[in-house]
Every structure is written in C-alpha cells, then in structure tokens.
2 protein chains.
Amino acid sequence: MDFYKNEPSLLLAVDCIIFGFNGESLEILLIKRGFEPERNKWSLMGGFVQPDENPQQAASRILKKLTGLEDVYMEDCGIFGDPDREKYGRVVSIAHFALIDTHQYQHIISEEFEARWFPLKEEPQLIFDHPQMIEKAKQKLRMKAALYPILFELLPEKFTIPQIVALYEGVYDTELDTRNFSRKLLSSELIIKLKEKDKENSKKGAFYFRLNKDIYKEKIMSFLSYLPSWSLNG
Amino acid sequence: MDFYKNEPSLLLAVDCIIFGFNGESLEILLIKRGFEPERNKWSLMGGFVQPDENPQQAASRILKKLTGLEDVYMEDCGIFGDPDREKYGRVVSIAHFALIDTHQYQHIISEEFEARWFPLKEEPQLIFDHPQMIEKAKQKLRMKAALYPILFELLPEKFTIPQIVALYEGVYDTELDTRNFSRKLLSSELIIKLKEKDKENSKKGAFYFRLNKDIYKEKIMSFLSYLPSWSLNG
DNA sequence: GCAAAAGTGTTAACTATACACCCATGC
DNA sequence: GCATGGGTGTATAGTTAACACTTTTGC
C-alpha cells in the first residue's frame, strides 16, 4: 500500500501577510524573529503545517498565535517553493493574506514576538522571499477587492465614508472622489447609516455607517455569472 | 544548523485542470489512471513536486508529460490539503489551471495515459477531491478573466468573433450579444482583423482575427491601479 | 428566393466624472 | 465669521444594452 514511498517529501510552511487599516493608512504587521534562523530580522509571521491540519488551518493558527484573533478573513495568495529559497532545508511556503480590523488587535499577545505595524511603503528589510510575498499579496488583494467588497473586513463595526475612501485609496494607490464614491456605495445597499457621528476627525463630523451583513455575504459568496460590466480592461 | 528537524514533512503534489476550447464548447482534459492507487478511475493529471523544481515547474512538467505542450498559461488556483484527503499518506496538492489551444494538442502523447476531453458539464466521476478542484478552477478562471483577457490563451492563432463569444459564454455560463461584444472587443484594440474568412461554420463566413500581442501583454501584465470602473459588484 | 449567420446603425437607459455649492462645526 | 472637511445637486460625457436592419452566402 506504500504507493508513494519513493516520492520526495518536504516541509510545507505558511506565511501571513497581515493587512490592517487604522482609519488613515494601510499597514502590515511584521515580526522581529525571536528564533533561528535569521533571528532578529524582520519577517512575516509564519510556521509549518502540522499533521492534523490543512494549510488554511495552519495559517489561522499562526495568525491567532500572533494576534489572538480568530475567524479572520484569510486567503492564500501565492506559492513560494524554489528549491533553494531557504538555506536550511527544502521548504515550500504558501503565502496567505489576512484582513484584520486593527482595533480588534491590541498588543495583548506574547512577548515571544516583537511585532510592529509598518505602513505599506515603509517596509523594512525582510528575510527570504518575503518582499515578493507581500507584492503578490497586494496584487491579489487588489484583484479580489475589484470584484468583491472584501475591504470591509478591514474596517471596524462603525466606520465613516471618508475612512472607506482612504482605505480604497490606500489599496489602489490612487485618489478617489469621496462624493461620488459615497453615492455609489450607498446605492449598493452595502452600508447602513447610523444616527451617530464621528467628531474626532472633522468639525462637522462624518456619519458612522455599519455593514449590511446580509448583502455583504451575498456579494462575497456570489459566483460571477457574468463578466462585471465586462471590462476586458480598457 | 538543523533548525527544522522536528518539523513534520509531507508530500507535495500538483494537479492540473486543463481547459481547452474546441471552437464550440469549453472542455477539460482528464485521464484514466493507469497506476495505483485508484487505477482505472478518471482523474486530473497530477504528480509530485521534485527536489529540483518549484511547484510551478512541477505543474508545467506534468502538463507537458500529458500534452507535449510547453509555455502554456498556468496559474495555481487552490490548495487542497486536508489531513485525510488521501488514504495512502499525507499529500497536499496545489491545483493549477492550464489554458490550452486544443489545436496544438494532438493525441501524440504516450499510451501511458488514456486521456479524454469532457465538456465542462459532463464530468465523469472523479477521485479524491478533484471535483472541488475543478470547481475552484472555474471560479478563479472567471475571476481572472473578468479583469484580464486571459481567455485568448484558449484560442488558436486565427479565430473568429463568434468563437470568442462562444468561449466567454462557456466560461460564464451565460448568453452574450455577439454584436455588442464584437464592437467592444474591436475598440479595445486587442484583436486585429485579417483578410481571410472562416467559411466552415456559416454561409456568409466570419472574418478571422488575430491577437495584438503587444496590447495583450500590456493588459495581462498590468497591475490594477484603479478599481475597474469600480464595480463594488452590483 | 429563402434561411441562416455575420455584421452595422441607431437609440434609450444608465453610469461615471467633474465640480459648484451648501452644511455643520470649532475656534 | 471663516476655515475645514462633509455632503448634496446637477450637468455632461461616455458606456451599455437592446434590437431593427443590411449583408453575404449555400441550397
């Protein structure tokens, strides 16, 4: 029954590109490795897939270990498996991106990791092929977010329109017209206006909104059955 | 230096979802396994990642082994790694979809595999989690094709507008207006009209077109820097 | 001549984009 | 009262979508 006994085995890892949005800018969470190899260098949080879990579960476990958070939106976004990518053995790593609401993440978690948020454009030097992983994650995030409203995963329960706009601007590295954006968003019925205003960031104050979870789920789950106003990408 | 020596190793495989378009319908290429386990059952073409190659290279090697084709468009589209997904050992498999022009694939290749094209909706019973892999591949194909014109990879050098329309209709399982579609496509400058007509499929005959490779590459490579007419997905 | 598929022209509905201007507030 | 960001109204350009109609051919 050992059909596969002559096949080469290897180590399978996952690495997490953790995106967070603090209301102003898009950032990623990196750790200073407290262990060998490459101790004390900045890196993505990662770990090995264990016998009792699939890679998705491994990624969730590792995310939880660092942030304490569960049920976080995660998606695999690239395979990094060049034969020589790590010096210390054959390791293939599956990059996963996670979208977290930074307000949920307080630095509760262990001293085991020195973790820090870095604005997307101010990444420090990273080990291995982690810079490429981040690049790939950004690309996949843009792609997915162009078709599905996943960026709401980065926002807290209550958020304002100017915040959403800043978020989309951060992800697509572009400028948007807040006025037109908000109208479009409203007409999608994805968000519901609350009575309360955020007075922290402006004199007039911006109304808070919350996500319409039913419509959100519908849109997230929907299987594209037509090409979306079929771009063909002008 | 054996930092990872206590980590659990496993077998890493790739499986190929090979899409082909014969001018009328979208199909996938399956094999009847000539080897154990699950001999004589229908399955995706797959194999193990070897020490000298990354998973992408493994997928290309395996595709070539079946079809003889090289430089084929391939993309990973899902990780399948539940601990118990195969009875005979821990195998994590990376699903890859490939887009081939069926005219390039003649049944030249070995008797080792009994391969057959199946229309997308007429899949036979498949082993393991291969049906889920195909489902995922369809989903990713739709997603990518909504933003990038990758479906041209499925067409021969010369193709007609009615063929492209049939292709998009197959991928999105929908009906399109050939007249409007062709105008849109023309204005994208992605295709170039040839003098010649295909007289096989209609009395009047449909003009052949070829791909404008420069524009194609540009569009394929382009990093989304704006949300495409920002759907937010009505 | 007629059927069938390819392709053109035209129009109405809808969307995107730009931007003038009003609103609410803190200082 | 005025600067500041939030938000509404509106006009214009552009795109989509529907479909009548013309073209080209095989039989």
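Let me begin with the classes I will use: Ala, Val, Leu, Ile, Met, Phe, Trp, Tyr, Cys and Pro count as nonpolar, Asp, Glu, Lys and Arg as charged, and the others, Gly among them, as polar. This is a predicted model, in which local features need pLDDT of at least 70 and side-chain atom pairs count only at pLDDT 80 or more, while totals for chains, interfaces and linings use all residues. Residues are numbered from 1 along each chain as its sequence is written, and chains are lettered from A, with ligands numbered from 1, in the order in which they are written.

I turn to DNA strand D, which 19 residues surround, a residue being near a strand if its C-beta atom, placed from the backbone, lies within 6 Å of it. The closest are A:Pro162, A:Arg179, A:Lys204, B:Lys203 and B:Lys204, and by class the surface near strand D divides into 4 nonpolar, 7 polar and 8 charged residues. Helix H4 of chain B gives the most to this surface, with 3 residues; helices (H or I, at least four residues) and strands (E, at least two) are DSSP runs, numbered from the N terminus.

Around DNA strand C there are likewise 19 residues, of which A:Lys203, A:Lys204, B:Pro162, B:Arg179 and B:Ser202 come nearest. Here H4 of chain A gives the most, with 3 residues, and the classes are 4 nonpolar, 6 polar and 9 charged.

Finally, the two chains: chain A can be laid on chain B with an RMSD of 0.0 Å by a turn of 180 degrees and a shift of 0.0 Å along the axis, superposed by least squares on the C-alpha atoms of residues with pLDDT of at least 70 in both. The two copies are therefore related as by a two-fold rotation axis.
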